Amino acid sequence: MLAPSWEEHATCLANAEDQNLQSVLMDISEKVAVNLHQDAFVVIGRDTRPSSEKLSQSVIDGVTVLGGQVHDYGLLTTPQLHYMVYCRNTSGQYGEATTEGYYEKLSKAFVELTGQAFCSGDDHRKLKVDCANGIGALKLGEMKPYFSQGLSVQLFNDGSGGKLNYFCGADFVKTHQKPPQGIEMKSSERCCSFDGDADRIVYYYQDVDGHFHLLDGDKIATLISSFLKELVLEIGESLNIGVVQTAYANGSSTRYLEEVVKVPVYCTKTGVKHLHHKAQEFDIGVYFEANGHGTVLFSKAAETKIKQLAKELEDKKSKAAKMLENVIDLFNQATGDAISDMLVIEAVLALKGLTIQQWDALYMDLPNRQLKVKVADRQVISTTDAERQAVKPPGLQEAINDLVKKYKLSRAFVRPSGTEDVVRVYAEADSQVSWDRAVEGKGRDRLTELEEGGSRREAILMVWQSLMSWRFMAFLGFITYFH
């Protein structure tokens, strides 16, 4: 994970003209006191896209020209590349910096964990995996034999025919709230989807009535957090657990974590870099974005204590400590990792004896909607409080507040995109009826007022149509200040 202090340097380097490249590199080296006499070592990995091999070779050529050393791992998932870097930066203390080392470390921990499950029949140990026609299919296929005694996985969208992320993958499933193409679902079967580079995962199933149910990053965070809290209580140690979410986390998940699991929840800006750095503040830091990107971090002090207790304690406490020790090895603490997270989820379900329906029933998501609106200048809106409160333009937040306070358990926010001229809008409430009432009660009057803007009429009508089709209350406040 790139340190935040280096983001400015990376931006300067990316924007440098070719003729200024050397001077920009020297300037960065001076600012961060890089020892130019020390040999540089760069590890490289690539995915299965046709362009990757040529791009990878260009990086190798560039490093070589500058006198650096290169280790080319070839085909890797993005999280696997992070894992290799972490292993090398810790001189092998974190693990062996090879694909075999990755497979063996995670699989050993998984098999040992699931071996302690009391009752896990064959039906509970089968999983269908949509690999988004990406690199995850290749690497999970290689890894299957390492954990076959603990889990049977069937791969779909494995890249043999379809296009990357086309009508498949975690983002498609999360966004469209329906299963991917290319996968056959039977009632109550556990299924999951990776994204193209295998750093995100979501679960889902179809009930007996044919209804689709999604278990996203919020559901994953609650399952894992409750499991970890139980183990920590069992060993009797005061290890502090913190869960990190973004503003997009469903309000029901936050309430469940705080009121039922009784762990503190913290909110950061959108972006895994913000969650990762916040999670480092705890003995055990759990972070997941709603899109399914996340992992768990253990402080060095917590790892040392847990491993010590696994050797010293007896009976149930010893078992809990050893399970925590396995969990430490099963998570990829370098970054969110779909393969690692999948194995953790499967182990937790087996150990707790939960079906996917029982997991889903831990809490019910509040009805929610997300939309994005293209604008001429996204900088018109600025936010604070982890992007949950708008500070500009004046009056926007007040308008949102006036509408939100009318409905039970409601929440809404707007935030500018960090990469494109769009504004992202999120809203939730206790029921769909609340949104309907908000739209029908206030919307038409507000539209009449807005239409007086004349030249803006076409754009406002476009937003209004989106609003009505999604029954999306948050837009009522937003479109007043649509620029």
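**Two helix pairs, a pocket and a salt bridge**

Let me begin with helix α8, which covers residues 217-235, and helix α9, which covers residues 251-261: these two pack at an angle of about 10 degrees, and their axes lie 10 Å apart. Because angles under 35 degrees count as roughly parallel, α8 is described as roughly parallel to α9. On the α8 side the contact is made by Asp218, Ala221, Thr222, Ser225, Ser226 and Lys229, while α9 contributes Ser253, Tyr256, Leu257 and Val261. Sorted by class, this contact of α8 with α9 has four nonpolar, four polar and two charged residues. I should say at this point that what you have in front of you is a predicted model, and I would ask you to keep that in mind throughout.

Let me turn now to another pair, helix α1 (residues 7-15) and helix α2 (residues 21-31), which pack at an angle of about 170 degrees with their axes 9 Å apart. Here the angle falls in the range over 145 degrees that counts as roughly antiparallel, and α1 and α2 are therefore roughly antiparallel to each other. From α1 the residues in contact are His9, Cys12 and Leu13, and from α2 they are Leu21, Val24, Leu25, Ile28 and Lys31. By class, the contact of α1 with α2 consists of six nonpolar residues, one polar residue and one charged residue.

Those two helices come up again when we look at the second largest pocket, whose volume is about 990 Å³. It is lined by 23 residues, and of these the closest to its centre are Leu25, Ser29, Val34, Leu36 and Ala40. Leu25, then, is a residue we have already met in the contact of α1 with α2. Which elements supply at least two residues each of the lining? They include α1 and α2, and also β1, which spans residues 41-46. Of the contributions to this lining, the largest share, six residues, comes from α2. As for the classes, the lining of this pocket has 15 nonpolar, seven polar and one charged residues.

Finally, a word about charged side chains, since a search of the whole structure finds 21 salt bridges. I will show you one of them, in which the side chains of Glu112 and Lys108 meet at 2.9 Å, N to O. Why are these two residues separated by about one helical turn? Glu112 and Lys108 both belong to helix α5, residues 99-114, and because they are four residues apart in that helix, about one helical turn lies between them.

Definitions and conventions
Residues are numbered from 1 along each chain as its sequence is written. This is a predicted model: local features need pLDDT of at least 70, side-chain atom pairs count only at pLDDT 80 or more; totals for chains, interfaces and linings use all residues. Side-chain values use heavy atoms; hydrogens and water are left out. Axes are lines fitted to C-alpha atoms, for helices over the stretch in contact, and angles run from 0 to 180 degrees between N-to-C directions. Angles under 35 degrees count as roughly parallel, over 145 as roughly antiparallel, 65 to 115 as roughly perpendicular and the rest as oblique. Contact means heavy atoms within 4.5 Å. Ala, Val, Leu, Ile, Met, Phe, Trp, Tyr, Cys and Pro count as nonpolar, Asp, Glu, Lys and Arg as charged, and the others, Gly among them, as polar. On a 1 Å grid over the protein atoms alone, a cavity is a set of points where a 1.4 Å probe fits but cannot get out, and a pocket is an open set with protein on both sides within 12 Å along at least five of seven lines; lining residues have an atom within 4 Å of a point. Grid points are joined across faces, edges and corners, and a volume is the space filled by probe spheres set on the points. A salt bridge is a side-chain nitrogen of Lys or Arg within 4 Å of a carboxyl oxygen of Asp or Glu.
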